[in-house]
Amino acid sequence: MSDGTYNFAYLDEQTKRMIRRSILKAVAIPGYQVPFASREMPMPYGWGTGGVQVTAGIIGPDDVLKVIDQGADDTTNAISIRKFFVRTTGVKTTEQTDEASIVQTRHRIPETALSDKQILVYQVPIPEPLRFLEPRETETRKMHALSEYGLMHVKLYEDIATHGHIATTYDYPVKVNGRYVTDPSPTPKFDNPKMDRMPALQLFGAGREKRIYAIPPYTEVKSLDFDDHPFEIQTWDAACALCNARDSFLDEVIIDDRGGRMFVCSDTDFCTARQAEGHVGPMAGTLPGSASEEVADGVG
Amino acid sequence: MPVSAEAAALHPGFADPVFDAQRLFRAVLDAMSHPGRIVQLSDLPDAPLPLNRTAAAVCLTLADFDTPLWIDDQSAAAEAARRHLRFHCGCSLPEAHGEAVFAVATDPTTLPPLASFAQGSDEYPDRSATIVLQVDRLSNQAGVTLSGPGIEHKTALDAGPLPTDFWEQVRANGTLFPRGVDLVFAAADRLAALPRSIRVEV
């Protein structure tokens, strides 16, 4: 049940209309950052106020909401945003990607492919991909107007000159529908291929920077690269220690002070679902708190 | 308290302003992110002529004091429609269509050239008009072929009545990208959208 003290989804109706108009223009101009009158939210900038405002602008009583932070449903940011929407809207929430109609995310795209009935809302800290190359807004705006993206290629080239390969691993710039160079938010570049021709609508909200942008369904999203240094994603030698997945994004977790470590799926829903299906990784059941802890200790 | 004749003659707005606006917005968002898709609507409030219910509901959903709204019929007969929009949306109703953020064409055959509406600039292409065209005919049978962002392969769209050179104008609008106007086709209880990003083959 929602808290009747607030309007549905916290924001007042005029604010929602303003956000909705910005979203529609963002969808009509794929990859272009639409300025919007971002509001003060009851959480600090940097905690997803942009994504929260976009979600508040689109959400309705029939929606099912999933919120993830770095792929996980059970981290602080995800839990507090999920609680915020439960309190202000009363909508049903889920941790299962395929059950959700709206997925709000910080820094990951779920491993489970999204459908065209779903909307993916990104929390974006710095929406301007050219910002660290050119600090002046007047200049970056002109660069976008003129499609002048040579500087971004220089940056990638300097990576190659210094490191021998493109060393950018997250926030990896993409070109949307052959026109705008766009910031995918700090997702790992592992997720970039999922953005290309994704059936779900992708909406991006940057609260502090006051920008909304969008990638419509089935839109070409190309990661910038060179013919002789083509774009490639991260790979791991290990499989997920819990579910044995070799095709998901893995987090490295330090598990003791003697150099012990494990690699686990960053997408908790994906990992849990695989374990439920019977996939077993090399460290499944050996961790503190799991059922077979004593057995594992005995072996160790 | 006595109710004036003018207030009594007003048509009601949304029965539930919060949830009806949200529902209508999602319909428009669905249409805008899947250009050519015909989205069915239900439970729309009545609207005074010459507005149709779909076009009026889109205005109630998106227009307010920040968005000058131009309506093509400036005649005295359309005063009820203007009063409806002024009262429920609180928007200004300029006579010059070039000033409008939203435009409603109750008779699209007399629509001024698309290029004469706000196009946005190269730096701010979002500062452009969204034009709502009231049409009798709206289907995915025959018509023009659409492709581009939001469309998996191709979609056919037929709408009318429209100006004879309308699709030629839409094609010219697309060549201005990222500048240009965005279109919403409002038929009885259904709508479709055509953003500037879409390629049109006649």
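## Aromatic pairs, charges and pockets

Tyr10(A) counts as partly exposed, at 26% relative accessibility. This is a predicted model. The structure holds 15 aromatic pairs over all chains. One of them joins Tyr6(A) and Tyr10(A), and that pair is tilted. The largest pocket holds about 550 Å³ of space, and the second largest about 470 Å³.

**Aromatic pair in chain A**
- The ring centres of Tyr6(A) and Tyr10(A) lie 5.5 Å apart, with 45° between the planes.
- The pair counts as tilted because 45° is neither under 30 degrees nor over 60.
- Tyr6(A) has a relative accessible area of 35%, which makes this residue partly exposed.
- Tyr10(A), at 26%, is partly exposed, because the value falls between the 20% and 50% limits.
- Ring pairs link Tyr6(A) and Tyr10(A) with Phe84(A) and Phe85(A) in a cluster.

**Aromatic pair in chain B**
- Phe166(B) and Phe185(B) form an edge-to-face pair, 6.2 Å from centre to centre, with planes at 75°.
- Phe166(B) belongs to helix 5 of chain B (residues 166-175), and Phe185(B) to strand 7 of chain B (residues 182-187).
- The two rings therefore tie together parts that are 19 residues apart in sequence.
- Phe166(B) is buried, at 0% relative accessible area.
- Phe185(B) is buried too, with a relative accessible area of 0%.

**A polar contact from strand 7 of chain B**
- Strand 7 of chain B also contains Asp182(B).
- Asp182(B) is buried, at 1% relative accessibility, because that value is under 20%.
- The side chains of Asp182(B) and Arg196(B) are joined by a polar contact of 2.7 Å.

**Charges over rings**
- In chain A, Arg179(A) lies over the face of Tyr180(A), 4.4 Å from the ring centre.
- In chain B, the ring of Tyr124(B) has the charged end of Arg127(B) over it, at 3.8 Å from its centre.

**Largest pocket**
- This pocket holds about 550 Å³ of space.
- Its lining has 28 residues, and those closest to its centre are Asp63(A), Arg23(B), Arg26(B), Ala27(B) and Asp30(B).
- Two elements of chain B give two or more residues to the lining: helix 2 (17-33) and strand 1 (39-40).
- Helix 2 of chain B provides the largest share, nine residues.
- By type, the lining of the largest pocket divides into 12 nonpolar, eight polar and eight charged residues.

**Second largest pocket**
- This pocket holds about 470 Å³ of space.
- It is lined by 19 residues, of which Arg21(A), Ser22(A), Pro35(A), Val101(B) and Asp126(B) are closest to its centre.
- In chain A, helix 1 (13-28) and strand 1 (34-35) each supply at least two lining residues.
- Helix 1 of chain A gives the most to this lining, with five residues.
- The lining of the second largest pocket divides into nine nonpolar, four polar and six charged residues.

Note on methods: Residues are numbered from 1 along each chain as its sequence is written. Chains are lettered from A and ligands numbered from 1 in the order in which they are written. This is a predicted model: local features need pLDDT of at least 70, side-chain atom pairs count only at pLDDT 80 or more; totals for chains, interfaces and linings use all residues. Side-chain values use heavy atoms; hydrogens and water are left out. Rings of Phe, Tyr and Trp (its six-membered ring) pair if their centres lie within 6.5 Å; planes under 30 degrees apart count as stacked, over 60 as edge-to-face and the rest as tilted. Buried means under 20% relative accessible area, exposed over 50%, partly exposed in between (1.4 Å probe, protein chains only). Helices (H or I, at least four residues) and strands (E, at least two) are DSSP runs, numbered from the N terminus. A charge sits over a ring if NZ of Lys or CZ of Arg is within 6 Å of the ring centre and within 35 degrees of the ring normal. On a 1 Å grid over the protein atoms alone, a cavity is a set of points where a 1.4 Å probe fits but cannot get out, and a pocket is an open set with protein on both sides within 12 Å along at least five of seven lines; lining residues have an atom within 4 Å of a point. Grid points are joined across faces, edges and corners, and a volume is the space filled by probe spheres set on the points. Ala, Val, Leu, Ile, Met, Phe, Trp, Tyr, Cys and Pro count as nonpolar, Asp, Glu, Lys and Arg as charged, and the others, Gly among them, as polar. A polar contact is a pair of N or O atoms within 3.5 Å; within protein, one must be able to donate a hydrogen and the other to accept it, and residues adjacent in sequence count only if both atoms are side-chain atoms.
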